[in-house]
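Welcome, and thanks for taking a look with me. Below are some notes to help you find your way around, point by point.

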Amino acid sequence: MVTLQEFASDDPIAWCPGCGNFSILKALKQALVELQKKPHEIAIVSGIGQAPKTPHYLRCNTFNGLHGRTLPVAAGLKLANHELTVLAEGGDGDGYGEGGNHFIHAMRRNIDITYLVHNNQVYGLTKGQTSPTSESGFITKTTPSGSPVPPMNPLLLAVACDCSFVARGFAGAIEHLTDLIRQGIRHRGFALIDILQPCVSFNRVNTFQWYEERVYPVGEGEYDPGDRTAAFNRAQEWGERIPIGIIYRRERPTLSAQHAAIARQSLVRQPIDPTGFPGLLEAFQ
Amino acid sequence: MAVDISIRITGQAGQGIQSISSIMGKVFTRQGYYVFIIQDAESRIRGGHNFDQVRIKDKPVLAIHAQANYLICLDGKTVEQDLPVLTPNGVMIYDGSQTRFESDNPNHFSIPLEQIALEAGQKKIMVNAVATGAAFALMGFDLRPLLDRLAEEFAGKGQEIAAHNQSSASAGYRYVRENFRGRAADQIPPGVFAKQKLLINGSQAMALGAICAGLKFYSGYPMSPSTPIMEFVAAAAQDHHIICEPAEDEIAAVNMVIGAGFAGVRAMTATSGGGFCLMTEALGLAGMTETPLVIVVAQRPGPSTGLPTRTEQGDLRFAMHAAHGEFPRAVLAPGHAAQAFYLMARAFNLAERYQTPVIVLGDQHLNDSYCTVDELDLNRMTIDRGKVVFDDQIASVKDYKRYVWQESGISPRILPGLSEAVVYADSDEHTDAGHITESSEVRNQMVRKRMRKLAGMRQEMGSPEIYPSQRAALVLLGWGSLYGAMKEAVELLQQDGIPAQMCHFSQIYPFTAQAFHRKILKKSRILAVENNYSGQFADFFTQETGRAVCHKILKYDGRPFAPREIVDQVKEKM
Ligand SMILES: Cc1ncc(C[n+]2csc(CCOP(=O)(O)OP(=O)(O)O)c2C)c(N)n1
Ligand code: SF4
Ligand SMILES: [Mg+2]
């Protein structure tokens, strides 16, 4: 029986008190316990920012890499050892800005990774500059007259890329988020969970209260995440009402499932024997 | 009779120049000869002016000849362009109906290549087979091995294509026999059938070496001249249980490789200068997280896009210093295909033993040139994974610390997911447990831990190759793909009464001076030879040894050195 205790880390937490990241950490741990995953069966790859510190605060295999390069590292790790449950974790700047190209192609590959984006609509670690998801007009030190451009819409982009699992969670709805993370990990393929995460230090617009007044769960039964046209519509909803929950879901083959090399055994378990290649040499004779 | 014949095949991109050269290469390799083929191509798919030059010798050969004994022009437009490289009594084959060029030189053979191709092979594209047949006749060589090779080469493309190639080659052969009996000066005597030798280029040797050394994961983004490495791996992937993942860019490629390396498989990427520029941040990531990483950088002339299909040794300093911060790395630069094969295994062993990045420098000349290799011995390839700890060796993993202090700098490496241990790797400065830290004490210790690996690597870097062993007052100093040209240059100098030695480095960084330093450098004059503008290795050599070089012989026009060019410049500088 895996308990919360097994995920306890003694690394001191470096987030600001009241930050939305605490709730996300809690939901993540709870989801892993509910799935009865052991710490050594999980690997979290993260980038650089406040969000990517998360794996240090729970016990599991961790690769805390470069800003924006989370997804390729996670992809290489997953392909080399597909028995691992691989998650990727980072902020909105990390994933949608610096790593935007990787984001698009990870969705295309449908590699079996659960990607948690702590979306606080600002750059936290570098102390409050505009991010790809900042609202237009958002005033920061790098946009003193307000951001002149509209935010990108990661969910809409994900639906357009036929991402096989597209969801939005909210740090203020821990149980709902726990359930999303659990479903995301269970999903076979690339699962995007964009998480609305209030940054209490640098985002005075999109606060806990701001989100609480707007978010609503897409209703089970009345909303069909398998309907792509509906998903396009729902993903565009922002402002007065902001949907959370699974926006789009479609089963399609994962990248690992399509590689014959690992049909029987993960790459990392395959032995190395240099004398096993006479056939390759003969081709040059 | 000593044989040393060079054949230049010229024409437009898309005319099948490389098909002729590789077929000739294979035929003569199987007949016991040694072959060296360079490819000189423009960065385009059709048209332009390209050539391959095939050198056939009765002794091992790893360099080009500046001149050609045979010139095979597949295209009327290029006839006059290449004429200057023909030896005084050299033979030219061209199609007089395709050019206004006229010649009364009895060695210039106008053959209706296109007409014969259409008659015998049904297609204009068969011009290359007709010309090959004609060349074989003029060289006085048997047609049979050519026909056999054509059958083999085109076996996969269907009976008809193979038959058309054969009938075209036969028709070209016959045309020469019937119209100009025995007029070529440079003949190639029949060889002795030998099947065990290989004809291989640098890219193939690198890919093959990597696969034999246990490559399991490859990711890359195409960039000349590195692309054939990726294509080779991709073609072998299914049979040999390798994953070859085309990346969206070089940043993704190298980070995927690092992810796979962290998981515990032998993983690599290959690129050229521009792609390597994009990879530099991740190079430091591998250094910091102590993740094994092998990158092949097949150099081409830069900066920027430069000359995409040509050669240069301009990225040595870049490879040595790429990425911010200080961390250990090794830089290898094979001199020829066989060495490239074995050095790939060495690269993986170093990367795993020292848990750090290893860069293997090739260049267009090394990567694209084919040569005959006596053998590649799989039994000579050793696998050393260093301090990887496997399941059955793990007693207690409860408090496993990935970066635990070791005098050597190398900590035991548990692979994530294969035991109950949890592994933390971090690109921030970290504690021995892999958690982020700002402690000055830990920082100092971790920097020292990483940099200590450099001392270990330095101890075991191989010595340069000295040739010949007799001491000489003159030493040609060089590295990487210059091997073949330098080696032949010292032989030519010897013949001209100027004793000289080659000192060739293939294991460059960290630099090992001890062994050869005392032996050869004391009293000799050193001339550095490099395919770049500034003599990057020469300066590095001086920095490490305190020995200045007398002269630098440099070339940066994107073309490889011919041995004779080096000899001429040595004489000039003496
Ligand atoms: C290549 C590179 N560029 C810039 C930085 C500096 N940097 C670190 S985190 C960050 C932005 C963080 O914002 P986000 O990804 O949204 O994460 P958050 O801190 O908000 O959770 C930046 C710009 C870096 N570490 N690396
Ligand atoms: S800066 Fe913002 S995102 Fe970062 S820890 Fe503080 S509150 Fe959280
Ligand atoms: Mg952010």
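1. Where is the place of Pro510(B)? Pro510(B) sits in the loop of chain B between β21 (507-509) and α16 (514-520). A cis peptide bond joins this proline to Tyr509(B), with omega at about -5°. Please keep in mind as you read on that this is a predicted model.

2. Chain B offers another cis peptide bond to look at, between Ser224(B) and Pro225(B), where omega is about 0°. You will find Pro225(B) in the loop between β8 (215-220) and α8 of chain B.

3. Tyr509(B) also belongs to a cluster held together by ring pairs. The other members are Phe505(B), Phe511(B), Phe537(B), Phe540(B) and Phe541(B). Over all chains, the structure holds 29 aromatic pairs.

4. Let me single out one ring pair that crosses between the chains, running from Phe284(A) to Phe232(B). Why is this pair stacked? The ring centres of Phe284(A) and Phe232(B) are 5.9 Å apart and the planes meet at 25°, so the pair counts as stacked, the cut-off for stacking being planes under 30 degrees apart. Phe284(A) lies in the segment after α9 (278-282) of chain A, while Phe232(B) is part of helix α8 (residues 227-240) of chain B. Both residues are buried.

5. Rings also meet charges here. In chain A, the charged end of Arg241(A) is placed over the ring of Tyr216(A), 3.9 Å from the ring centre. In chain B, Arg380(B) lies over the face of Tyr342(B), and its distance from the ring centre is 4.0 Å.

6. Now to the ligands. Ligand 1 lies between chains A and B, and 17 residues surround it. The closest are Gln50(A), Asp92(A), Gly93(A), Asp94(A) and Gly124(A). Helix α3 (residues 92-98) of chain A gives the largest share of this shell, with four residues. Sorted by class, the shell around ligand 1 has five nonpolar, eight polar and four charged residues.

7. Which atoms lie by the oxygen atoms of ligand 1? A polar side-chain atom of Asn120(A) is 3.0 Å from an oxygen atom of the ligand. The backbone takes part too: a polar backbone atom of Val122(A) is 3.1 Å from an oxygen atom of ligand 1, and for a backbone N or O atom of Ala51(A) the distance to a ligand oxygen is 3.2 Å. Ligand 1 taken alone exposes 580 Å², and the protein buries 77% of that.

8. How many charged residues are in the shell around ligand 2? That shell has no charged residues, but six nonpolar and four polar ones. Among the residues around ligand 2 are Trp15(A), Cys16(A), Cys19(A), Cys199(A) and Phe202(A). Gln50(A) and Asn120(A) are also in the list for ligand 2; you may remember Gln50(A) as one of the closest residues to ligand 1, and Asn120(A) for its side-chain atom by a ligand 1 oxygen.

9. Helix α2 (residues 70-80) of chain A is worth a moment. Eleven of its eleven residues are buried, so the helix is largely enclosed by the rest of the structure. The buried residues include Leu71(A), Val73(A), Leu77(A) and also Lys78(A).

10. Elsewhere in chain A, Thr85(A) is found in strand β3 (residues 85-91). Thr85(A) is buried, with a relative accessible area of 13%. Its side chain and that of Lys37(A) are joined by a polar contact of 3.2 Å.

11. Two non-glycine residues with positive phi make a nice contrast. Is Lys127(A) buried or exposed? Lys127(A) counts as exposed, at 51% relative accessibility, since the cut-off is over 50%. Its phi is near 75°, and its place is in the loop between β4 (114-119) and α5 (154-160) of chain A. Gln355(B), by contrast, is buried, with a relative accessible area of 0%. Its phi is near 50°, and it is found in the loop between α12 (337-354) and β13 (357-363) of chain B.

12. Lastly, Glu312(B) lies in the chain B loop between β11 (293-299) and α11 (316-321). Glu312(B) is buried, with a relative accessible area of 12%. Its C-alpha atom is separated by 4.9 Å from that of Pro301(B), and the two residues are eleven apart along the chain.

Definitions and conventions. Residues are numbered from 1 along each chain as its sequence is written. Chains are lettered from A and ligands numbered from 1 in the order in which they are written. This is a predicted model: local features need pLDDT of at least 70, side-chain atom pairs count only at pLDDT 80 or more; totals for chains, interfaces and linings use all residues. Side-chain values use heavy atoms; hydrogens and water are left out. Rings of Phe, Tyr and Trp (its six-membered ring) pair if their centres lie within 6.5 Å; planes under 30 degrees apart count as stacked, over 60 as edge-to-face and the rest as tilted. Helices (H or I, at least four residues) and strands (E, at least two) are DSSP runs, numbered from the N terminus. Buried means under 20% relative accessible area, exposed over 50%, partly exposed in between (1.4 Å probe, protein chains only). A charge sits over a ring if NZ of Lys or CZ of Arg is within 6 Å of the ring centre and within 35 degrees of the ring normal. A residue is near a molecule or strand if one of its heavy atoms lies within 4 Å of it. A polar contact is a pair of N or O atoms within 3.5 Å; within protein, one must be able to donate a hydrogen and the other to accept it, and residues adjacent in sequence count only if both atoms are side-chain atoms. Accessible areas come from the Shrake-Rupley method with a 1.4 Å probe; for residues, only the protein chains shown count as cover. Ala, Val, Leu, Ile, Met, Phe, Trp, Tyr, Cys and Pro count as nonpolar, Asp, Glu, Lys and Arg as charged, and the others, Gly among them, as polar.
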